[in-house]
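Let's walk through this model together, starting with a helix and ending with a couple of unusual backbone spots.

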Amino acid sequence: MIPTLRSLPEPLALRNHLAGVYDLPFTTCTLLRSLVNDVYELAAPDGRYVLKLYRAGGWEPAEILWETGLSAHLAAGLPVPRVHLLADGNEVGVLDSAEGQRPFVLSEFVTGTKPRPPFTDDLYSGFGRLVARFHAAADTFSSPNPRRPSDLHRRLDEPLAQIRPFLAAAEENLLLDLADAVRNNLAQYSEQLSWGVCHGDVSLDNVLITDDGLALHDFDLSAEGYRAADFTGVAATPHWPAFLRGYREHHPITEADLAAIPLLSVVGRIFNLRFHLIDKPLIRGTESRGEGWADEELTALRRAADELL
(Lines give C-alpha, C1' and ligand atoms only; values in the text may rest on other atoms or scores of the structure.)
Protein backbone atom coordinates (compact mmCIF):
# COMPACT_ATOMS: atom_id res chain seq x y z
CA MET A 1 0.00 0.00 0.00
CA ILE A 2 1.16 3.54 -0.69
CA PRO A 3 2.44 5.17 2.53
CA THR A 4 0.37 8.00 4.01
CA LEU A 5 3.35 10.37 3.86
CA ARG A 6 4.33 11.77 0.48
CA SER A 7 7.18 14.19 -0.18
CA LEU A 8 8.57 15.72 -3.32
CA PRO A 9 12.30 16.47 -3.38
CA GLU A 10 13.25 20.09 -3.92
CA PRO A 11 14.40 20.20 -7.58
CA LEU A 12 17.70 21.98 -6.93
CA ALA A 13 18.67 19.55 -4.17
CA LEU A 14 17.61 16.61 -6.35
CA ARG A 15 19.63 17.95 -9.28
CA ASN A 16 22.75 18.29 -7.13
CA HIS A 17 22.30 14.80 -5.69
CA LEU A 18 21.83 13.24 -9.12
CA ALA A 19 24.80 15.13 -10.54
CA GLY A 20 26.93 13.35 -7.96
CA VAL A 21 25.55 9.82 -8.32
CA TYR A 22 25.55 9.97 -12.14
CA ASP A 23 28.70 12.10 -12.49
CA LEU A 24 26.85 14.36 -14.91
CA PRO A 25 26.80 18.17 -14.71
CA PHE A 26 23.02 18.60 -14.74
CA THR A 27 21.98 22.20 -15.29
CA THR A 28 18.21 21.94 -14.73
CA CYS A 29 15.74 19.60 -13.01
CA THR A 30 12.03 20.03 -13.76
CA LEU A 31 9.11 18.04 -12.37
CA LEU A 32 7.00 16.83 -15.31
CA ARG A 33 4.29 14.91 -13.45
CA SER A 34 3.54 13.49 -10.05
CA LEU A 35 1.07 10.82 -9.02
CA VAL A 36 2.06 7.25 -8.19
CA ASN A 37 5.62 7.88 -9.36
CA ASP A 38 7.31 11.22 -9.98
CA VAL A 39 8.90 12.03 -13.33
CA TYR A 40 11.53 14.72 -13.84
CA GLU A 41 13.32 16.08 -16.88
CA LEU A 42 16.99 16.86 -16.44
CA ALA A 43 19.29 18.71 -18.80
CA ALA A 44 23.07 18.39 -19.11
CA PRO A 45 25.50 19.77 -21.69
CA ASP A 46 25.43 16.44 -23.53
CA GLY A 47 21.63 16.14 -23.74
CA ARG A 48 18.35 15.62 -21.92
CA TYR A 49 17.29 12.85 -19.56
CA VAL A 50 14.18 11.59 -17.80
CA LEU A 51 14.24 10.46 -14.18
CA LYS A 52 11.55 8.19 -12.79
CA LEU A 53 11.37 8.36 -9.00
CA TYR A 54 9.31 5.38 -7.83
CA ARG A 55 7.04 5.54 -4.81
CA ALA A 56 8.15 4.02 -1.55
CA GLY A 57 6.59 0.67 -0.76
CA GLY A 58 6.02 -0.32 -4.40
CA TRP A 59 8.46 -2.28 -6.54
CA GLU A 60 11.58 -3.41 -4.73
CA PRO A 61 14.93 -2.37 -6.31
CA ALA A 62 15.47 -5.94 -7.55
CA GLU A 63 12.07 -5.83 -9.26
CA ILE A 64 13.01 -2.57 -10.95
CA LEU A 65 16.18 -4.27 -12.17
CA TRP A 66 13.83 -6.74 -13.89
CA GLU A 67 12.22 -3.71 -15.57
CA THR A 68 15.50 -2.11 -16.64
CA GLY A 69 16.61 -5.49 -17.96
CA LEU A 70 13.45 -5.65 -20.03
CA SER A 71 14.16 -2.16 -21.41
CA ALA A 72 17.70 -3.18 -22.39
CA HIS A 73 16.40 -6.36 -24.03
CA LEU A 74 13.81 -4.43 -26.02
CA ALA A 75 16.25 -1.71 -27.06
CA ALA A 76 18.10 -4.21 -29.25
CA GLY A 77 15.27 -4.03 -31.80
CA LEU A 78 12.58 -1.62 -30.62
CA PRO A 79 12.41 2.17 -30.24
CA VAL A 80 12.40 2.42 -26.43
CA PRO A 81 14.30 4.73 -24.04
CA ARG A 82 17.72 3.47 -22.96
CA VAL A 83 18.62 3.41 -19.28
CA HIS A 84 21.61 5.52 -18.20
CA LEU A 85 23.88 3.91 -15.60
CA LEU A 86 24.87 5.51 -12.32
CA ALA A 87 28.55 6.38 -11.91
CA ASP A 88 29.04 3.14 -9.94
CA GLY A 89 27.64 1.07 -12.83
CA ASN A 90 24.25 0.29 -11.28
CA GLU A 91 20.99 0.80 -13.14
CA VAL A 92 18.83 1.61 -10.09
CA GLY A 93 19.53 4.16 -7.38
CA VAL A 94 17.74 4.72 -4.07
CA LEU A 95 16.77 8.07 -2.56
CA ASP A 96 15.98 8.43 1.14
CA SER A 97 12.71 10.27 1.77
CA ALA A 98 10.25 10.95 4.58
CA GLU A 99 8.12 7.96 3.56
CA GLY A 100 11.02 5.57 3.06
CA GLN A 101 13.48 4.61 0.36
CA ARG A 102 12.43 5.52 -3.18
CA PRO A 103 14.17 3.79 -6.10
CA PHE A 104 14.96 5.80 -9.23
CA VAL A 105 16.06 5.20 -12.82
CA LEU A 106 17.48 7.66 -15.35
CA SER A 107 16.75 7.20 -19.06
CA GLU A 108 17.56 9.04 -22.23
CA PHE A 109 15.05 11.63 -23.37
CA VAL A 110 13.18 10.54 -26.51
CA THR A 111 12.23 13.47 -28.72
CA GLY A 112 8.70 13.14 -30.04
CA THR A 113 5.10 14.18 -29.62
CA LYS A 114 2.16 12.41 -28.05
CA PRO A 115 -0.60 11.34 -30.46
CA ARG A 116 -3.48 13.80 -30.42
CA PRO A 117 -7.08 13.51 -31.62
CA PRO A 118 -8.50 12.97 -34.11
CA PHE A 119 -7.02 9.46 -34.03
CA THR A 120 -6.98 7.41 -37.22
CA ASP A 121 -7.00 3.76 -38.23
CA ASP A 122 -3.51 4.24 -39.69
CA LEU A 123 -2.21 5.37 -36.30
CA TYR A 124 -3.82 2.42 -34.53
CA SER A 125 -2.58 -0.03 -37.12
CA GLY A 126 0.96 1.20 -36.48
CA PHE A 127 0.26 1.02 -32.75
CA GLY A 128 -0.79 -2.60 -33.15
CA ARG A 129 2.43 -3.42 -34.99
CA LEU A 130 4.45 -1.74 -32.23
CA VAL A 131 2.74 -3.69 -29.43
CA ALA A 132 3.11 -6.94 -31.40
CA ARG A 133 6.84 -6.28 -31.78
CA PHE A 134 7.00 -5.62 -28.03
CA HIS A 135 5.32 -8.96 -27.28
CA ALA A 136 7.49 -10.81 -29.77
CA ALA A 137 10.69 -9.37 -28.30
CA ALA A 138 9.48 -9.99 -24.73
CA ASP A 139 8.91 -13.65 -25.60
CA THR A 140 12.69 -14.15 -25.44
CA PHE A 141 13.29 -12.05 -22.32
CA SER A 142 14.52 -13.63 -19.10
CA SER A 143 15.92 -12.10 -15.95
CA PRO A 144 17.75 -13.27 -12.83
CA ASN A 145 15.74 -10.67 -10.90
CA PRO A 146 12.23 -11.25 -9.50
CA ARG A 147 9.08 -9.39 -10.50
CA ARG A 148 5.67 -10.04 -8.97
CA PRO A 149 3.36 -11.32 -11.74
CA SER A 150 0.16 -9.63 -12.86
CA ASP A 151 -1.89 -12.70 -12.03
CA LEU A 152 -5.47 -12.92 -10.78
CA HIS A 153 -4.33 -12.97 -7.17
CA ARG A 154 -2.52 -9.64 -7.49
CA ARG A 155 -4.88 -7.92 -9.90
CA LEU A 156 -8.25 -9.28 -8.73
CA ASP A 157 -8.24 -10.99 -5.34
CA GLU A 158 -6.06 -8.51 -3.43
CA PRO A 159 -7.74 -5.31 -4.78
CA LEU A 160 -11.22 -6.73 -4.26
CA ALA A 161 -10.48 -7.60 -0.64
CA GLN A 162 -9.09 -4.11 -0.01
CA ILE A 163 -11.95 -2.12 -1.56
CA ARG A 164 -14.85 -4.07 -0.05
CA PRO A 165 -15.11 -1.76 3.02
CA PHE A 166 -15.61 1.20 0.64
CA LEU A 167 -18.50 -0.38 -1.27
CA ALA A 168 -22.22 -0.39 -0.63
CA ALA A 169 -23.67 -3.86 -0.06
CA ALA A 170 -25.16 -4.05 -3.56
CA GLU A 171 -21.87 -3.01 -5.17
CA GLU A 172 -19.91 -5.48 -3.04
CA ASN A 173 -22.17 -8.37 -4.04
CA LEU A 174 -22.02 -7.35 -7.70
CA LEU A 175 -18.21 -7.32 -7.72
CA LEU A 176 -17.97 -10.62 -5.87
CA ASP A 177 -20.31 -12.22 -8.43
CA LEU A 178 -18.32 -10.70 -11.29
CA ALA A 179 -15.04 -11.98 -9.85
CA ASP A 180 -16.48 -15.50 -9.65
CA ALA A 181 -17.72 -15.25 -13.23
CA VAL A 182 -14.30 -14.11 -14.42
CA ARG A 183 -12.53 -17.01 -12.73
CA ASN A 184 -15.03 -19.57 -14.00
CA ASN A 185 -14.94 -18.29 -17.57
CA LEU A 186 -11.16 -17.96 -17.71
CA ALA A 187 -10.87 -21.54 -16.47
CA GLN A 188 -12.50 -22.67 -19.72
CA TYR A 189 -9.58 -21.22 -21.70
CA SER A 190 -6.77 -21.85 -19.20
CA GLU A 191 -4.70 -24.03 -21.53
CA GLN A 192 -5.23 -21.85 -24.61
CA LEU A 193 -4.58 -18.40 -23.09
CA SER A 194 -1.28 -16.74 -23.92
CA TRP A 195 0.90 -16.00 -20.91
CA GLY A 196 3.98 -13.78 -21.10
CA VAL A 197 5.45 -10.37 -20.40
CA CYS A 198 2.77 -7.70 -20.71
CA HIS A 199 3.32 -3.96 -21.06
CA GLY A 200 0.62 -3.32 -18.49
CA ASP A 201 -0.66 -0.01 -19.88
CA VAL A 202 -1.19 -0.29 -23.62
CA SER A 203 -2.55 3.14 -24.48
CA LEU A 204 -1.52 6.00 -26.70
CA ASP A 205 -0.43 7.83 -23.54
CA ASN A 206 2.67 5.63 -23.64
CA VAL A 207 3.49 6.20 -27.29
CA LEU A 208 5.55 8.95 -28.89
CA ILE A 209 5.55 9.93 -32.56
CA THR A 210 9.19 10.42 -33.52
CA ASP A 211 11.01 11.12 -36.76
CA ASP A 212 11.66 7.37 -37.00
CA GLY A 213 8.09 6.26 -36.28
CA LEU A 214 6.27 5.24 -33.10
CA ALA A 215 8.23 4.71 -29.88
CA LEU A 216 7.01 2.85 -26.78
CA HIS A 217 7.86 3.76 -23.20
CA ASP A 218 6.80 3.46 -19.54
CA PHE A 219 7.32 -0.15 -18.42
CA ASP A 220 6.65 0.36 -14.71
CA LEU A 221 3.47 -1.75 -14.91
CA SER A 222 5.10 -4.49 -16.98
CA ALA A 223 5.07 -8.02 -15.60
CA GLU A 224 4.18 -11.54 -16.64
CA GLY A 225 0.46 -12.11 -17.02
CA TYR A 226 -2.31 -12.98 -19.45
CA ARG A 227 -1.33 -11.30 -22.70
CA ALA A 228 -4.96 -10.47 -23.51
CA ALA A 229 -4.89 -7.97 -20.63
CA ASP A 230 -2.79 -5.71 -22.87
CA PHE A 231 -5.71 -5.42 -25.30
CA THR A 232 -8.49 -4.38 -22.92
CA GLY A 233 -8.09 -0.63 -23.36
CA VAL A 234 -7.65 -0.50 -27.11
CA ALA A 235 -10.40 -3.10 -27.68
CA ALA A 236 -12.89 -0.56 -26.30
CA THR A 237 -12.03 1.98 -29.04
CA PRO A 238 -13.53 2.18 -32.53
CA HIS A 239 -10.02 1.57 -33.91
CA TRP A 240 -9.69 -1.94 -32.45
CA PRO A 241 -10.05 -3.69 -35.86
CA ALA A 242 -7.21 -1.56 -37.28
CA PHE A 243 -5.03 -2.25 -34.23
CA LEU A 244 -5.75 -5.98 -34.52
CA ARG A 245 -4.81 -6.05 -38.21
CA GLY A 246 -1.52 -4.34 -37.46
CA TYR A 247 -0.80 -6.58 -34.48
CA ARG A 248 -1.34 -9.78 -36.47
CA GLU A 249 1.33 -8.73 -38.94
CA HIS A 250 3.98 -9.42 -36.29
CA HIS A 251 2.47 -11.68 -33.60
CA PRO A 252 -0.38 -14.19 -33.36
CA ILE A 253 -3.42 -13.72 -31.16
CA THR A 254 -5.59 -16.74 -30.38
CA GLU A 255 -9.36 -17.01 -30.28
CA ALA A 256 -9.05 -17.77 -26.56
CA ASP A 257 -7.16 -14.50 -26.06
CA LEU A 258 -9.90 -12.59 -27.89
CA ALA A 259 -12.58 -14.27 -25.79
CA ALA A 260 -10.71 -13.34 -22.59
CA ILE A 261 -10.58 -9.60 -23.32
CA PRO A 262 -13.96 -8.69 -21.72
CA LEU A 263 -13.13 -10.88 -18.72
CA LEU A 264 -9.78 -9.24 -18.18
CA SER A 265 -11.41 -5.84 -18.68
CA VAL A 266 -13.41 -6.59 -15.52
CA VAL A 267 -10.17 -7.48 -13.72
CA GLY A 268 -8.59 -4.23 -14.86
CA ARG A 269 -11.53 -2.13 -13.69
CA ILE A 270 -11.53 -3.72 -10.23
CA PHE A 271 -7.77 -3.11 -10.06
CA ASN A 272 -8.38 0.54 -11.05
CA LEU A 273 -11.08 0.87 -8.39
CA ARG A 274 -8.48 0.07 -5.74
CA PHE A 275 -6.35 2.91 -7.08
CA HIS A 276 -9.20 5.45 -7.04
CA LEU A 277 -10.64 4.41 -3.68
CA ILE A 278 -7.46 3.71 -1.71
CA ASP A 279 -4.17 4.60 -3.39
CA LYS A 280 -4.95 8.01 -4.90
CA PRO A 281 -6.61 9.41 -1.75
CA LEU A 282 -3.35 8.72 0.13
CA ILE A 283 -1.57 10.93 -2.42
CA ARG A 284 -4.15 13.62 -3.20
CA GLY A 285 -6.58 13.41 -0.30
CA THR A 286 -9.99 11.82 0.19
CA GLU A 287 -11.70 14.48 -1.93
CA SER A 288 -10.24 12.70 -4.97
CA ARG A 289 -12.85 9.97 -4.44
CA GLY A 290 -15.45 12.51 -5.58
CA GLU A 291 -13.78 13.21 -8.93
CA GLY A 292 -15.98 10.62 -10.65
CA TRP A 293 -13.33 8.09 -11.69
CA ALA A 294 -14.51 5.41 -9.26
CA ASP A 295 -18.12 5.98 -10.32
CA GLU A 296 -17.15 5.50 -13.97
CA GLU A 297 -15.47 2.20 -13.17
CA LEU A 298 -18.52 1.01 -11.21
CA THR A 299 -20.84 2.00 -14.05
CA ALA A 300 -18.73 0.02 -16.52
CA LEU A 301 -18.70 -2.96 -14.14
CA ARG A 302 -22.52 -2.89 -13.94
CA ARG A 303 -22.64 -3.03 -17.75
CA ALA A 304 -20.21 -5.96 -17.71
CA ALA A 305 -22.44 -7.75 -15.20
CA ASP A 306 -25.37 -7.49 -17.63
CA GLU A 307 -23.34 -9.52 -20.12
CA LEU A 308 -21.51 -11.96 -17.82
CA LEU A 309 -24.02 -12.76 -15.08
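Helix H4 covers residues 152-163 (helices are DSSP runs of H or I with at least four residues, strands runs of E with at least two, numbered from the N terminus). Its twelve residues, at 1.5 Å a residue, should span 16 Å, and the end C-alpha atoms are indeed 16 Å apart; the expected span is 1.5 Å times one less than the number of residues. This is a predicted model, where local features need pLDDT of at least 70, side-chain atom pairs count only at pLDDT 80 or more, and totals for chains, interfaces and linings use all residues. Residues are numbered from 1 along each chain as its sequence is written, and side-chain values use heavy atoms, leaving out hydrogens and water.

Now, which residues of H4 are buried? They are Leu152, Arg155, Leu156, Pro159, Leu160 and Ile163, where buried means under 20% relative accessible area, exposed over 50% and partly exposed in between (1.4 Å probe, protein chains only). They sit on the same side of H4, because they cover an arc of only 125° around the axis, taken from the directions from the helix axis to the C-beta atoms.

On to the backbone. Most residues other than glycine have a negative phi, and most peptide bonds are trans. Asp23, though, has a positive phi near 55°, in the loop between helix H1 (11-22) and strand E1 (28-34). Asp23 counts as exposed because its relative accessibility is 62%. Asp218 also has a positive phi, about 70°, but counts as buried at 19% relative accessibility. Finally, the peptide bond from Pro117 to Pro118 is cis, with omega near 0°.
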